[in-house]
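Visitor: I'd like a close look at one part of this model, the greasy bit on the surface. Could you walk me through it, starting from the overall fold?

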Amino acid sequence: MKVQWFKVLGLSLSLGVFSQVTTAAVIKDTQIKPSEKNSMVEKALDQQKRNVAALPTTDDELIMLSTIRVAPSQSFFAVQHQRFSRFVQAIFQPHTS
């Protein structure tokens with residue numbers, strides 16, 4: 001009885017260690033390299049930042065460029081939520097009966 005218990009204990013410990021090792025190996029292999037992190041939008045923005053000759057000429061272009069370059073903040077998300085809510089409310093008008 002004790003021999004079987006030790007076999008079960010040894011088997012369960014070895015399976016537990018094996019699963020931890022394989023999980024760590026999979027996580028290490030699937031990490032994203034820094035060169036792959038940049039999205040197409042980030043690459044385009046970086047290219048636009050380097051191109052000094054193509055600076056925006058109108059106020060609208062300047063406003064759009066500044067909103068793209070600035071990191072989103074809580075107020076930015078609030079404004080986006082408000083715009084989306086108004087859009088949805090315009091589509092689904094409340095019916096009074």
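Visitor: To begin with, how many helices and how many strands are there in the protein chain? And then, which residues make the nonpolar surface patch?

Guide: Sure. Keep in mind that this is a predicted model. The protein chain has five helices and zero strands, so, going by the DSSP runs, the elements read α-α-α-α-α from the N terminus on. Confidence is mixed: the mean pLDDT of the chain is 75, with 72% of its residues at 70 or more. Helix H5 (residues 74–91) comes out highest, at a mean of 86, while helix H2 (residues 34–37) is lowest, at 55.

Now for the surface. Of the 97 residues in the chain, 2% are buried. The accessible surface comes to about 9500 Å², and carbon and sulfur atoms account for 65% of that.

On to your patch: Trp5, Phe6, Leu9 and Leu13 make a nonpolar surface patch of about 460 Å². Two of its members deserve a zoom. The aromatic pair count is one, and that pair is Trp5 with Phe6: their ring centres sit 5.4 Å apart and their planes meet at 75°, so the arrangement is edge-to-face. The cut-off behind that label is over 60 degrees between planes. Both Trp5 and Phe6 are exposed.

Leu9, another patch member, is found in helix H1 (residues 2–29). Leu9 counts as partly exposed because its relative accessibility is 35%, which falls between the 20% limit for buried and the 50% limit for exposed.

Notes
Residues are numbered from 1 along each chain as its sequence is written. This is a predicted model: local features need pLDDT of at least 70, side-chain atom pairs count only at pLDDT 80 or more; totals for chains, interfaces and linings use all residues. Side-chain values use heavy atoms; hydrogens and water are left out. pLDDT is the predictor's confidence in each residue, from 0 to 100. Helices (H or I, at least four residues) and strands (E, at least two) are DSSP runs, numbered from the N terminus. Rings of Phe, Tyr and Trp (its six-membered ring) pair if their centres lie within 6.5 Å; planes under 30 degrees apart count as stacked, over 60 as edge-to-face and the rest as tilted. Buried means under 20% relative accessible area, exposed over 50%, partly exposed in between (1.4 Å probe, protein chains only). Patches are made of residues with over 30% relative accessible area and no salt bridge: like charges are joined within 9 Å, nonpolar side chains (Val, Leu, Ile, Met, Phe, Trp, Tyr) within 5 Å. Accessible areas come from the Shrake-Rupley method with a 1.4 Å probe; for residues, only the protein chains shown count as cover. A salt bridge is a side-chain nitrogen of Lys or Arg within 4 Å of a carboxyl oxygen of Asp or Glu.
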